[in-house]
Structures are given as structure tokens and as C-alpha cells.
Amino acid sequence: MSPETAVETLALRVQVSAFAGTTLPADYADLLRAGLGGICLFGTNTAAGEQSVRSLSAEIRAASAEGGWTPVITIDEEGGDVTRLEALTGSSVLGAAALGAADDLALTEETGRAVGVRLARAGINLDLAPVADVNSNPDNPVIATRSFSHDAGVVAKHVAAWVKGLESTGVAACVKHFPGHGDTGQDSHVALPVLDADLATLRNRELVPFLAAAEAGAASVMTSHIVVPALDPELPGTLSAPVLGLLRELGYEGPIVSDALDMAGASEPRGIPAAAVLSLEAGADLLILGPDKPTSLVHETTAAIVAAVEAGELALERLQDAVARVDRLLADLDAARQRTDGELDPRFEERSVEGARRALAAASDLTGIPDLAGAEVVTVDTEANIAVGDVPWGLPPDLVVRPGDPLPDLPDAPLIVQVRDAHRRPEVGRTVAELRGAAVLVEWGWPGTYDGAGVPRLCPQGYSLPGVAAVTEVLRRAGWDPSTSSGHRK
């Protein structure tokens, strides 16, 4: 192998790309044989179900094996609102906010294990989860219920438990989004947020869960595309040597994984190949390019990395170190898989519903719910953030309205109105106020401030199937019969 070819192979090994569809395209198979580091699965890859994902993972592994490599096969499977494997039905496990509110560390660990068992069966070896962000800004548009709490101590202990559960199955965790995306008011998918906190605040709040994750043995950490002026006033964390250097100073030695480089916070205006080079220079080891990318982008990024090495802008040793860290991760996973039985306690489902009940009670008005006999369900529909995507949420509705649209004729019956993050969406509040007959509000998002003018509010703290079960129990006790709902009859 010539030196130039060796550098090109190393440049491929640090990239994780993605394609659309449920089968491996021929051009991606060629890249995997040549050394592409791995594949990140998104909703278009998982739409045909778990067996299809298992077959796709086998195709990816087989192509890499022909080149003599072990691939990273990764996915965003956080549970709750963010699920890829259960994108058609909704997650069967509680999300972070509900787990933090239930505050049962055994349940949180078991939930991480449940996610890991499912991923391992599907052939996935790296989960881009859990979220270690402290959601201290209730108006955060992208973290919210993906966080375990607004309290750093609560986040820390639940992150550690979830990591322990996940990694007991031989699937690696990737704790995100370092150094912390919780106290921001913008979404780094579409903007460049700023975390305006001093270093003391960072150490006492943002960094606490990441330290706990490291102590729990978290295999990897994901960066965030946010500017942290206390560390670097110019570059987002993913591209910042001071930010990523802080992670190493904390004693963490595993691979640093970039958040998707196609997000605006990383690649505007410089483009993905340039962002990839900067991220490697800063200390990242594995680069996520983003969903549904052509192989031409991988080639362009490879060329940019090779050119940076040849120009002396990126040290060859830095590139070699990145590949070595990823290789150690993959070797550790092979050893861990030999020690897992892949079984779950049959009582886990009921314990999840009990946890959902506690999470619901922690932030809800359960005493003032009126008689709901004959009630119908109205969804005030809003777009999810990009991290959540187009997945089911809420109870099956009888009627769907969108903020700003004229209201349809409303039934002469009590209304169960369901919303997401109404506290940060004034247009949702205005629509709810216009809904004559609103009897109870179900807030499936973060439980922010609420002035309901006498309408009680239920807060399951994120969407999941156990959360649906808990909400349904409360509404049934108030007289609602879901079998009479057109949404349930469909």
C-alpha cells in the first residue's frame, strides 16, 4: 500500500455516512470495501422493520469484511420522542424526561438495556445516545424531553444508569452533546447557538453528566455545534480544539464523535469537507456526515482530508490516532458481545408503565379533571424538531387542527386537547384558547409554564407507548371511553 493510498484509507476510516433505503447501494458497498468507517441509519433505512434492518446490517458488515474492516453501524435510538427502529409505532420505552421524573435508577438502567438488546439484535453496534444535556432553558427547541432533567445531578445519575444498561448488551453508548446543548435557545440543525455561561457554570452544570458518563464507562462522546465563548469565542464545539481538549482534560480517552456535519451549526458557510478537516484537527475521531448523502460527498471529504495532510494542516499522527481510537472501540464491543445474554425481565413493560404513571403525576394536575364522558380528542398539530422527525405522537385524534388555520366545526362534547411544547409556541396557545369545550390539555412536550384558565393539564413528559398507557388510565377514570373515539376506531 503506497503512503498516499494509506492516507486515503485512513481518511475513509474516520467517516460515517448514510444513504436512503433499506438495502445497501452498490456504490456504498464499494466504499465500505475501500475502508469507509461505517453507516449511520435513519428513518428511511428502518421503515421496513427490525428484520429488514438486521439484513441491512449484515450487508454492511459483509461489504466491510471484504476489505478487512469492521464497520461502525450506528443510529439515534434514545427512546421516547427520538426513535428510529420504532418510528412507525412510537417508542416502546420511556424517554429521558419521563425517566428523570420517575427517578427510578433501576428502571433507567433497564430501559438502556432494553434499547441495547433491540439494537444488538438488529446488528447495530453504536447508539448515538443518551442525551447528557441539562435542559436548563425551558424554551430549548431541540433538547427538551430528550433531557433527563433541568437539574445536573439528576441528569448525571440517570445518564450513568442508562449507559450501564445499554453497554451491558455489547452496544456502545455515545453520550451527547458535549459540552452541553441544554441552555440554548436555538436548534443547531438550522442555526449556530451560543452557550453563554462562564467556566464555573460549565463545570458545575454542563460537565457534571459527562463526568458521570465517563465514570460509568461510556464508550464515546458526541460533540455539539454550539459556540461556547468561555472556551472558544469563534468556532462551534465540534470544530474547536479548546472545547474538545477540555473533554480530554476530564480524563475521557474514548473516541470523540461529531454530531452530523451537514447541520448548519457545523458546516455553514464552510461546507461539509472543510468542517470535517477542522473537526479532525480539533480532536474529533469519527465524523458523522448526515442522512441520505451521495457517495460523491464521501469522496470530496476524503480528498479534503488527504489534501490537509499533504499540506501539513492536519498531522498524519492525528489521523492515525483517530482511527486507532475507533478500532479500540470496535475491539471492546466484540469482547462485550460475548458476555451478554440479550434477555429482558418480562416485567419490564409493566415497570415502564408504572414509571410513566410517576412521571405523569410529577408534573400534572390530576385532581381537577372534569367528567369526560363522550369526550373527543383534538390534536393541535405542529412540526417536530429535526432530531425527533416525523413519528407518531399523542392519542389517536378525532380531529386535527393546525395553528393559524380556520377552526372546523367542533363537536358538542368535552375536548381532550393535545399539544407539544405549547409554552414556547404562542400560536398553539391562541388555538387552544379558541377551542370551545376544552376540558383537559395533554402536553406531550416539555412541561413549561402554563396558565390554563381552569383547564387542567397532564404532562407525560415526552411521548412513548408507556406514556400513552398512563395518560389513557387517567382519562378513563374521568369517564373517557377511547373505544368511541374515531381515532381509536380506525
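## Close-up views of a predicted model

**Figure 1. Helices α11 and α12 pack at an angle of about 45°.** The model shown here and in the other views is predicted. Helix α11 covers residues 272-282, and helix α12 covers residues 295-310. Their axes lie 8 Å apart. The angle makes α11 oblique to α12. Angles under 35 degrees would count as roughly parallel, and those from 65 to 115 as roughly perpendicular. The crossing of α11 past α12 is right-handed.

**Figure 2. Eight strands form an open sheet with parallel pairing.** Read across the sheet, the order is β7-β6-β5-β4-β3-β2-β1-β8. The edge strands are β7 (256-257) and β8 (287-288). Each of these two pairs on one side only. Strands of a sheet pair through backbone hydrogen bonds, either parallel or antiparallel. The next two views look at parts of this sheet.

**Figure 3. Strand β2 pairs with β1 and with β3.** Strand β2 spans residues 38-41. G38 and C40 point one way from β2, while I39 and L41 point the other way. All four are buried. Strand β1 (residues 15-17) and β2 are parallel and share two bridges. Here V16 stands opposite G38. The chain gets from β1 to β2 through helix α2 (residues 26-34), in a right-handed β-α-β crossover. Strand β3 (residues 72-75) is joined to β2 by four bridges, and these strands also run parallel. G38 stands opposite V72 in β3.

**Figure 4. Strand β6 is covered on both faces.** Strand β6 spans residues 220-223. S220 and M222 lie on one side, V221 and T223 on the other. Each of these residues is buried. Strand β5 (residues 172-178) pairs with β6 in the parallel sense over three bridges. At one of them, F178 has T223 as its bridge partner. Between β5 and β6 the chain passes through helix α8 (residues 199-215), and this β-α-β crossover is right-handed. Two bridges join β6 to β7, again in parallel. V221 has I256 of β7 as its bridge partner. Helix α9 (residues 241-249) sits in the chain between these strands: β6, α9 and β7 make a right-handed β-α-β unit.

**Figure 5. Helix α2 has buried residues on one side.** Y28, A29, L31 and L32 of α2 are buried. They cover an arc of only 160° around the axis, so they fall on the same side of α2. An α-helix has 3.6 residues a turn, so residues three or four places apart point the same way. After α2 comes G35, with a positive phi near 125°.

**Figure 6. Five strands make an open sheet with parallel pairing.** The strand order is β10-β9-β11-β12-β13. Strands β10 (399-401) and β13 (457-458) are the edges, and each pairs on one side only. Strands β11 (residues 415-419) and β12 (residues 438-443) run parallel and are joined by five bridges. Q418 stands opposite V442 in β12.

**Figure 7. Cis peptide bonds join A129 to P130 and F178 to P179.** For A129 and P130, omega is about 5°. P130 belongs to the loop between β4 and α7. For F178 and P179, omega is about 0°. P179 is in the loop between β5 and α8. F178 also appears in the β5 and β6 view, as the bridge partner of T223.

**Figure 8. P141 is a buried loop residue.** The loop runs between β4 (126-127) and α7 (152-167). What is the relative accessible area of P141? The value is 15%. Buried means under 20%, so P141 qualifies. P141 and G182 are 41 residues apart along the chain, yet their C-alpha atoms are separated by 9.6 Å.

**Figure 9. D103 and D292 have positive phi values.** Phi of D103 is near 55°, in a residue other than glycine. D103 sits in the loop between α5 (96-102) and α6 (105-121). With a relative accessible area of 39%, D103 is partly exposed. Phi of D292 is near 55°. The loop that holds D292 connects β8 and α12. D292 is partly exposed too, with a relative accessible area of 40%.

How values were computed: Residues numbered from 1 in each chain as written. Predicted model: local features only at pLDDT ≥ 70, side-chain atom pairs only at ≥ 80, totals over all residues. Heavy atoms only, no water. Buried < 20%, exposed > 50% of the residue type's maximum accessible area, 1.4 Å probe, protein only. Pairing = 2+ DSSP bridges. Right-handed = clockwise from strand over helix to strand, strands pointing away. Arc of directions from axis to C-beta. Axes fitted to C-alpha atoms, helices over the stretch in contact; angles between N-to-C directions. Parallel < 35°, antiparallel > 145°, perpendicular 65-115°, else oblique. Left-handed = near helix turned anticlockwise from the far one by under 90°.
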